[in-house]
Amino acid sequence: MSVDRVEEARGGDEEQAVGTQATAAAARYYSVAPGVRLNVRSGPGTGYSIVRALTEGAQVPIFCQTPGTTVSGYYGTSNIWDNIGNGQYVSDAYVYTGSDGYVASRCG
């Protein structure tokens, strides 16, 4: 899901569009590790292509989380990947969530 892509409500789709807007509005932002330029990948693992890189000091929303490639990073070792937008994932090992576990729902 992406914050910049909310579909307009039309007839029977009204309930779905409202739910999408509520989820986007409820996303909490988390800081990327200091001094890190973090790669954003197209899927939950290092084998997926890099779609962009986050600049130092970036903050990211976490819409959902999913298991993937295990990564050792600034905040330890984790196989959790954070979905920060449509087709955009970052390793949770580089995002300060205050937890070693899941802080958002699992991606479906």
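This briefing covers the fold, sheet pairing, core and surface of one chain. The model is predicted. The chain has 108 residues, of which 36% count as buried. Its secondary structure comes to one helix and eight strands. In sequence order the pattern is α-β-β-β-β-β-β-β-β, with the helix ahead of the strands.

**Overall build**

- Among contacts between residues at least 6 apart in sequence, 47% join residues at least 24 apart.
- The chain exposes about 6,300 Å². Carbon and sulfur atoms supply 44% of that area.

**The open sheet 4-1-8**

- Three strands form an open sheet in the order 4-1-8, and the pairing is antiparallel.
- Strand 4 (59–61) and strand 8 stand at the edges of this sheet. Each has a single partner strand, so one side of each is left without a neighbour in the sheet.
- Strand 1 covers residues 29–32 and pairs with strand 4 over three bridges, in the antiparallel sense.
- Two positions illustrate the pairing of strands 1 and 4. Tyr-30 stands opposite Val-60. Ser-31 has Gln-59 as its bridge partner.
- On the other side, strand 1 pairs with strand 8 over two bridges, again antiparallel. Here Val-32 has Val-95 as its bridge partner.
- Strands of a sheet pair through backbone hydrogen bonds, either parallel or antiparallel.

**Strands 5, 6 and 7: two hairpins**

- Strand 5 (residues 64–73) and strand 6 run antiparallel and are joined by seven bridges.
- These two strands form a hairpin with two residues between them. Across the pair, Val-71 of strand 5 stands opposite Ser-78 in strand 6.
- Strand 6 also pairs with strand 7 (residues 88–91), antiparallel, over four bridges. Asn-83 stands opposite Tyr-89 in strand 7.
- Strands 6 and 7 form a hairpin too, with two residues between them. Gly-87 lies in this turn and has a positive phi of about 70°.
- Strand 6 spans residues 76–85 and is mostly covered. Seven of its ten residues are buried.

**The nonpolar core**

- The largest nonpolar core has 13 residues. Those with the most contacts inside it are Val-32, Leu-38, Leu-54, Val-60, Ile-84, Val-90 and Val-95.
- Strand 1 and strand 2 (38–41) are the elements that give two or more residues to this core.
- In soluble globular proteins, nonpolar side chains tend to be buried together.
- Val-32 and Val-95 in this core are also the bridge partners that link strand 1 to strand 8.
- Leu-54 lies in strand 3 (residues 50–54). Its relative accessibility is 6%, and the cut-off for buried is under 20%, so Leu-54 counts as buried.
- Beyond four places in sequence, Leu-54 is in contact with Val-32, Val-36, Arg-37, Leu-38, Val-40, Val-60, Ile-84 and Val-90.
- Leu-54 and Val-36 are 18 residues apart in sequence. Their C-alpha atoms are 8.4 Å apart in space.
- Val-90 touches Leu-38, Asn-39, Val-40, Leu-54, Ile-80, Trp-81, Asp-82, Ile-84 and Val-95, with residues up to four places away left out of the count.

**Surface and the segment after strand 8**

- Tyr-74, Tyr-75 and Tyr-96 make a nonpolar surface patch of about 340 Å². Tyr-96 lies in strand 8 (residues 95–96).
- Val-103 is placed in the segment after strand 8.
- The relative accessible area of Val-103 is 30%. That falls between the 20% limit for buried and the 50% limit for exposed, so Val-103 is partly exposed.
- Not counting residues up to four places away, Val-103 touches Tyr-30, Ile-62, Gln-65 and Thr-97.
- Val-103 and Gln-65 are 38 residues apart in sequence, yet 7.9 Å apart in space, C-alpha to C-alpha.
- Tyr-30, one of the contacts of Val-103, is the residue that stands opposite Val-60 in strand 4.

Note on methods: Residues numbered from 1 in each chain as written. Predicted model: local features only at pLDDT ≥ 70, side-chain atom pairs only at ≥ 80, totals over all residues. Heavy atoms only, no water. Patch = residues over 30% accessible without salt bridge, like charges linked within 9 Å, V, L, I, M, F, W, Y side chains within 5 Å. Areas by Shrake-Rupley, 256 points an atom, 1.4 Å probe, with all protein chains shown as cover. Salt bridge = Lys/Arg side-chain N within 4 Å of Asp/Glu carboxyl O. Buried < 20%, exposed > 50% of the residue type's maximum accessible area, 1.4 Å probe, protein only. Contact = heavy atoms within 4.5 Å. Pairing = 2+ DSSP bridges. Core = buried A, V, L, I, M, F, W, Y, C linked by side-chain atoms within 4.5 Å.
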